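Please find below a short note on the model, arranged as numbered points. The terms are explained where they come up.

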Amino acid sequence: MTEPDPNPLEYAPALESATVAALRERYRPFIGGEFTDGSGAVFSSVNPATGETLAEITGSAESDVDRAVNAAEDAFRGHWGSISGTDRAKYLFRIARLLQERSRELGVLETLDTGKPVRQATEFDLPNAAAWFLHYAGWADKLDHAGFGPSPAPLGVTGQVVPSNFPLLLLAQRVAPALACGSTVVVKPSERTPLTALVFGEICEQAGLPSGTVNVLPGDSESGASLLAHRGVRHAVFTGSTEVGERVRRDLAGRGKRVTSELGGDGVNIVFADAAPEEAVRSVVEGAFFNQGRVRCAGSRLLVEESVAEEFVARLRDRMAELRVGDPMDRNTDVGALGSSAEVERLSELVERGVAEGATRWTVPATPPRHGDFMAPTLLTGVQQSMSVARREVFGPVLSVLTFRTAREAVTKADNTPYGLAAGVWSEKGSRALWTARELRTGVVWANTFHRFDPTAPFGGRGESGNGRVGGAAGLEAYLDV
Amino acid sequence: MADSPSSSPPETRPPGELAEATRDEAALTRFLRGLPGIDAVGLEQRAAALAGRAVKGEAKLRAIDRAVGMVDLTTLEGADNASKVRALAAKARTPDSRFPDVPRVAALCVYPDLVTEAVTALRGSGVGVASVATAFPSGRSTPRAKLAEVELAVESGADEVDMVIDRGAFLAGEYGRVFDEIEQVRAACGPAHLKVILETGELGGYDNVWRASWLALLAGADFVKTSTGKVSPAATLPVTHVLLRAVREWRDRTGQSRGVKPAGGIRTTKDAIRYLVAVREVAGPDWLTPELFRFGASGLLNDLLMQRETQLHGHYSGPDQVTVDL
């Protein structure tokens with residue numbers, strides 16, 4: 001061996017330039033094809049990584065919701081609801097291309113607004129958003145053949161409330177099928193992350209989309225509630241927490257609207273003793289900490305077979321220690337900032353409660369920036385089914401480790417939550433993976449991988465994880481009168 | 001195995017639990033087949049993700065110098081002769097005459113019949129002489145001829161021997177035969193370092209690359225090397241990850257450090273830095289030394305030199321500023 005190396009290979013900060021995002025001082029609602037001042041309160045959007053105010057946004061009041069829904073109704077009746085599928089596809093293709101052309105701008109803007117690592121925004125969020133439009137552009141003229149009978153009709157105006165973890169991608173996943181089916185859209189982005197949705201309005205304009213077909217209303221949860229409850233909205237789509245989703249469903253019951261909700265999850269990775277260890281470790285880490293764990297289908301629980309648990313957890317710690325936590329604008333960063341300081345507090349409390357209930361805590365030895373809403377990835381070992389951290393949605397960079405002895409026990413433990421969104425199964429034995437996948441009560445099961453999203457594959461949950469499906473032909477159903 | 005005609009020096013015997021794996025062919029087969037699997041999708045994802053790490057500025061300049069010092073400058077053509085070897089030897093000693101602070105390369109890699117020439121040309125330079133052997137690149141010859149080739153290369157003064165494994169035997173599941181051959185070559189090497197070329201492009205998948213890596217390490221390889229450069233695909237990042245993971249686990253289990261050499265297809269500085277990042281992340285920073293990591297390449301060196309100048313002067317100088325060594 002040689003003497004210790006004085007200069008181990010260092011990674012230089014590879015900072016993306018904030019100017020790429022073309023930030024403006026003020027953003028306004030996009031209603032009826034125009035950016036107009038809203039009548040709601042002015043609020044600001046903050047960069048959670050630095051605490052800096054990015055821009056001011058005029059919010060939407062009841063009257064703006066009215067105007068937007070009316071514009072969408074007019075667009076539906078006047079044009080969009082009756083043009084041919086081929087014509088609708090033309091616009092969707094244009095939007096997809098514009099998203100691709102402006103992907104760096106939008107990726108950086110998304111990073112500034114959400115705190116997610118810029119590499120993820122530009123290499124995951126944006127390409128996927130464009131892919132969703134491309135996929136549904138293909139469906140627009142083939143609805144007769146999607147399996148819903150001849151000439152399935154669009155519903156009319158859809159009101160959509162989109163959360164803050166993947167603002168533009170989740171918008172694309174919901175707006176693309178709605179437009180492909182002939183519905184018009186009023187979308188309300190999260191008040192914490194409205195910027196890319198408003199630039200999306202601009203893209204609709206650039207694409208020459210008939211005015212009123214897509215409307216974007218920045219605002220708070222009240223604007224969201226009044227949008228979904230508006231009598232002109234035929235289809236209410238809510239994506240967010242289970243708590244709010246249940247309230248939405250209750251409030252809208254019996255109003256003659258279709259309600260689609262995509263809610264929380266308490267995802268799990270099941271690792272059998274014969275799994276490919278290195279890849280399983282990598283994927284468990286990715287599954288738990290991708291997008292700071294702020295993913296509805298995050299694998300926030302790990303169920304590992306008892307016989308390999310000790311070795312697996314040791315590898316897990318090694319791999320977690322490699323995660324680079326810090327400035328989201330650095331292309332080397334793996335874990336960026338959480339959405340807000342309230343999130344950091346909520347998660348710290350959750351971890352403390354886990355420790356108080358008997359779990360052992362380990363946090364990666366990273367020193368995240370002091371300003372900004374960061375939390376170092378945290379591992380809780382010795383977690384039991386009864387502990388609160390195993391029972392509820394984590395939605396942050398916290399991974400709980402539980403063990404199991406038999407495949408049946410693994411399935412029972414995995415399913416023992418009110419949710420049922422996503423699971424990963426790790427085994428080199430195909431029959432075992434297939435059996436486990438069949439037994440699990442979740443909407444999505446990944447085998448020997450995790451967090452693979454594709455517009456062709458339906459995605460959605462069971463139980464308290466919601467009732468909608470996005471993606472593929474199944475994703476059309478919610479937007480058609482079938 | 002136990003009854004192999006020439007036994008290897010005791011220090012190359014794997015310690016403890018791993019010694020059990022080399023007791024006889026059945027034990028070796030059990031061990032190799034019992035190794036945990038490699039998941040191709042996950043492996044390739046990780047390799048791609050790590051390739052995105054940025055090394056810039058000062059760190060890049062140091063990485064370039066480090067990479068230059070790890071190059072096994074290679075010429076393995078039918079047209080090779082003494083003059084070609086002398087030209088490359090001069091390049092190996094002084095890669096860039098305009099910048100005397102550029103480190104010399106690690107070794108010059110040639111065919112066995114040119115070892116004497118290379119040794120003469122490199123005397124006193126500190127640059128090693130590596131010789132391919134065992135009927136490179138196919139490995140298809142009789143065991144006696146292969147061993148004789150190794151002995152001749154070492155007698156001619158080679159410091160390092162790059163052997164190829166018998167892929168035919170490996171793919172037929174005759175692990176014992178492959179093991180014996182490596183062990184015999186190891187013995188014939190004497191003090192020379194042994195690099196074992198797995199020719200991963202012919203092994204048909206990462207699981208086999210993983211098994212072959214362990215097989216070579218168990219049989220006493222100082223280095224595991226991906227490819228001859230004569231088969232496509234040659235070195236790739238995911239395959240190199242597998243080798244790096246093997247030497248890392250080998251050290252975790254035995255305390256011994258073994259090296260890795262990707263060869264073939266690494267032509268640019270960008271590629272080289274991606275490999276260095278993989279070394280740092282998969283094996284560990286300890287492996288960032290020519291003693292434990294080499295690049296088998298011919299064209300890479302000039303690109304490293306051009307990029308080095310770019311880092312120093314802030315602009316490209318063009319390919320005419322570096323020497324073409326024919």
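1. Buried means under 20% relative accessible area, exposed means over 50%, and partly exposed lies in between (1.4 Å probe, protein chains only). This is a predicted model, in which local features need pLDDT of at least 70 and side-chain atom pairs count only at pLDDT 80 or more, while totals for chains, interfaces and linings use all residues. Residues are numbered from 1 along each chain as its sequence is written, chains are lettered from A and ligands numbered from 1 in the order in which they are written, and side-chain values use heavy atoms, with hydrogens and water left out.

2. Helix α10 of chain B covers residues 206-218. Helices (H or I, at least four residues) and strands (E, at least two) are DSSP runs numbered from the N terminus. Of the 13 residues of α10(B), 11 are buried, so the helix is largely enclosed by the rest of the structure. Among them are B:Tyr206, B:Trp210, B:Trp214 and B:Leu218. The end C-alpha atoms of α10(B) are 18 Å apart, in agreement with the 18 Å expected at 1.5 Å a residue; the expected span is 1.5 Å times one less than the number of residues. Just after α10(B), B:Gly220 has a positive phi of about 105°.

3. Helix α3 of chain A (residues 103-114) can be read in the same terms. Its 12 residues reach 16 Å from first to last C-alpha, close to the expected 16 Å. In α3(A), 10 of the 12 residues are buried, so this helix too is largely enclosed by the rest of the structure. The buried residues include charged ones, A:Glu105, A:Glu110 and A:Asp113. A:Gly115, just after α3(A), takes a positive phi of about 85°.

4. Over all chains, the structure holds 58 salt bridges, each defined as a side-chain nitrogen of Lys or Arg within 4 Å of a carboxyl oxygen of Asp or Glu. One of them pairs A:Arg24 with A:Glu202, with the closest N and O atoms 2.7 Å apart. A:Arg24 lies in the segment before β1 (26-27) of chain A and A:Glu202 in helix α6 of that chain, so the pair ties together parts that are 178 residues apart in sequence. A:Arg24 is partly exposed, at 32% relative accessible area.

5. A salt bridge within a helix links A:Asp64 and A:Arg67 (3.1 Å, N to O). Both residues lie in helix α1 (residues 62-80) of chain A, 3 residues apart, or about one turn. A:Asp64 is buried at 0% relative accessibility, whereas A:Arg67 is partly exposed at 36%.

6. In chain B, the side chains of B:Asp166 and B:Arg140 form a salt bridge (3.0 Å, N to O). B:Asp166 sits in the loop between β4 (160-164) and α8 (167-171), and B:Arg140 in the loop between β3 (128-133) and α7 (143-155), so the pair ties together parts 26 residues apart in sequence. B:Asp166 is buried, with 4% relative accessibility.

7. Which residue of chain B lies 7.8 Å from B:Lys60, C-alpha to C-alpha? The residue is B:Gln311, 251 residues away in sequence. B:Gln311 belongs to helix α13 (residues 300-313) of chain B and is partly exposed, with a relative accessible area of 28%.
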